[in-house]
Amino acid sequence: MKEKVFTFIRESVDGIVELESLLTSVPALAPESGGQGELDKAIALEKWLRANGVGDIVRMDAPDGRVASKIRPNLVATIPGKDDSARLWVMTHLDVVPEGERSNWKSDPWKVVVKDGRIYGRGVEDNQQGLVSSVFAALAFLKQGLVPARTIKLLFVADEEVGSKFGIQYLLANYDLFKKDDIIIIPDGGNAQGSEIEVAEKNICWLKVTTKGVQTHAAMPDKGVNAFVAASDLVLRLHALEKSVFTARDSLFEPDRTTINPTKKEANVPNVNTIPGDDVFCVDMRILPQYPVAMAMAEARKAADAIEAQYKVKVTFEVLQSNESKATPADAPVVGKLKQAVKEIYGVEAKAIGIGGGTVGAYLRKAGYDCVVWARMEETAHQPNESALIENVIGDALVFASLAL
Ligand SMILES: [Zn+2]
């Protein structure tokens, strides 16, 4: 069976290009990016899958009043296997990011071009490489009338690029899709060797910090309170927490420490001779999992209290984003099985790693499901002339198929 399955995948270059071309031709942009969501793309994909023999497809629509269809679609295609107790899930997202500056593209971003073993177009890597790999892994069984050892579930979600509210978050809140022993792979990140299996991410917290002083003429500074000066001191104190408080190291991550970085700065007064009474900046905190977000918030507040006392200002925090994610244990079955498959297909010793944060894996882990983010990819996502190597689409499909054999 294995030889038949692998041969089918290796001989599927035309089909891979066909499906990539179809998907790229239907831009699926979030309303935040000026688009109408994923419905047209989901319909095109479902039609293509049905025409290719995938019969069991269920659509789960998240309501979203901002798009014309009022719908953000999610799809699950099921290929029944002999064992249904620990299914193989491959989760990919339908949405893409905008093309960006068009003049930086050598070809039409929405029309696939194939050159030197590579497919070019917006979305061909992020996330259609993984999507198409998962589809051809499944077709390798279906088209040849073979029943995989374990049930294969292909999950195509909406809204990954802008927060997953209408995608995996909606599904976790409204459906009971996953079982505890399922193997869940998210091919939406990885390196060119396929050697990194992402199992954890740092806790993340974004703060907007507003400092209120008293505006006055710069010739009479004592009549006011300079919010910019106070906020600047706070900027340094917050950054210094990296060294004074959050001293732990965890080699799973790169960098291996908690990072606290003041980032965005809003403009204050438009002229030079006014002491600013208001200051606004933002902080990006990536916290090692051993520290709860609440602890980072408490430390930030302590620093702000000291600034308030010293400068006679008022400092308020607004949480822009906060997410705590459990890790998938490095010895979880999904990690071991994937390592074995990667070794077999690519001859590479993959290792478990942690990243700075921001993948959909966090939502699944938080809900109690072990999942990994893995693919062999060149990381051209979101760039002009985004591309995917056809040999990676094939190789990743072989890896997925071998997990279902
Ligand atoms: Zn992606």
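Where is Pro255 found? Pro255 sits in the loop between helix H6 (227-244) and strand E11 (259-265), and we will come back to this residue in one of the views below. Please keep in mind that this is a predicted model.

**View 1. The whole protein, with its 10 helices and 17 strands.**
Let us start with an overview. The C-alpha trace spans about 85 × 45 × 40 Å along its principal axes. Of the 405 residues in the protein, 55% are buried. Among contacts with a separation of 6 or more, 78% are between residues 24 or more positions apart.

**View 2. The zinc ion and the residues that coordinate it, His93, Asp126 and Asp188.**
His93 contributes its NE2 atom, Asp126 an OD atom, and Asp188 appears twice with OD, at 1.9 to 2.5 Å. The angles among the 4 donor atoms run from 54 to 142 degrees, and the site is irregular. Along the chain, the donors follow the spacing H-x32-D-x61-D. His93 and Asp126 link distant parts of the chain, being 33 residues apart: His93 belongs to strand E3 (residues 83-93), while Asp126 is in the loop between strand E5 (118-120) and helix H4 (128-142). His93 is buried, with a relative accessible area of 2%, and Asp126 is buried too, at 9%.

**View 3. Two cis peptide bonds, one of them beside a zinc donor.**
Here is where we return to Pro255. Most residues other than glycine have a negative phi, and most peptide bonds are trans. The bond joining Asp126 and Asn127 is cis, with omega about 10 degrees. Asn127, like its partner, can be found in the loop between E5 and H4. The peptide bond from Glu254 to Pro255 is also cis, with omega near -5 degrees.

**View 4. Helix H4, largely enclosed by the rest of the structure.**
H4 has 15 residues and reaches 20 Å from its first C-alpha to its last, close to the expected 21 Å. Of those 15 residues, 14 are buried, so the helix is largely enclosed by the rest of the structure.

**View 5. The largest nonpolar core, with 91 residues.**
Val135 and Phe156 have the most contacts inside this core. Helix H10 (residues 390-404) supplies the largest share of the core, 10 residues. Beyond its neighbours within four places in sequence, Val135 is in contact with Leu19, Trp48, Leu49, Leu154 and Phe156. Another core, of 20 residues, lies apart from the largest one; its members include Phe166, Val360, Tyr369 and Val373. In soluble globular proteins, nonpolar side chains tend to be buried together.

**View 6. Cys205 and Cys282, in a structure with 0 disulfides.**
Why do Cys205 and Cys282 not form a bond? The closest cysteine sulfur to that of Cys205 is in Cys282, and because the two are 11 Å apart, they are too far for a bond. Cys282 is likewise in no disulfide. Cys205 is buried, at 0% relative accessibility, and Cys282 is buried as well, with a relative accessible area of 8%.

**View 7. His382 and Asn385, in the loop between E16 and E17.**
This loop runs between strand E16 (371-373) and strand E17 (387-389). His382 has a positive phi of about 70 degrees although it is not a glycine. Asn385, another residue other than glycine, also has a positive phi, near 55 degrees. Is each of these residues buried or partly exposed? His382 is partly exposed, with a relative accessible area of 42%, whereas Asn385 counts as buried at 17%.

Notes:
Residues are numbered from 1 along each chain as its sequence is written. This is a predicted model: local features need pLDDT of at least 70, side-chain atom pairs count only at pLDDT 80 or more; totals for chains, interfaces and linings use all residues. Side-chain values use heavy atoms; hydrogens and water are left out. Donors are N, O and S atoms within 2.8 Å of the metal (3.2 Å for Na, K and Ca); water is not among the atoms, so sites may look incomplete. Four donors count as tetrahedral if all angles lie between 85 and 135 degrees; four count as square planar and six as octahedral if opposite donors are over 155 degrees apart and all others between 65 and 115; anything else is irregular. Helices (H or I, at least four residues) and strands (E, at least two) are DSSP runs, numbered from the N terminus. Buried means under 20% relative accessible area, exposed over 50%, partly exposed in between (1.4 Å probe, protein chains only). The expected span of a helix is 1.5 Å times one less than its number of residues. A nonpolar core is a set of buried Ala, Val, Leu, Ile, Met, Phe, Trp, Tyr and Cys residues joined through side-chain atoms within 4.5 Å. Contact means heavy atoms within 4.5 Å. A disulfide is a pair of cysteine sulfur atoms within 2.5 Å.
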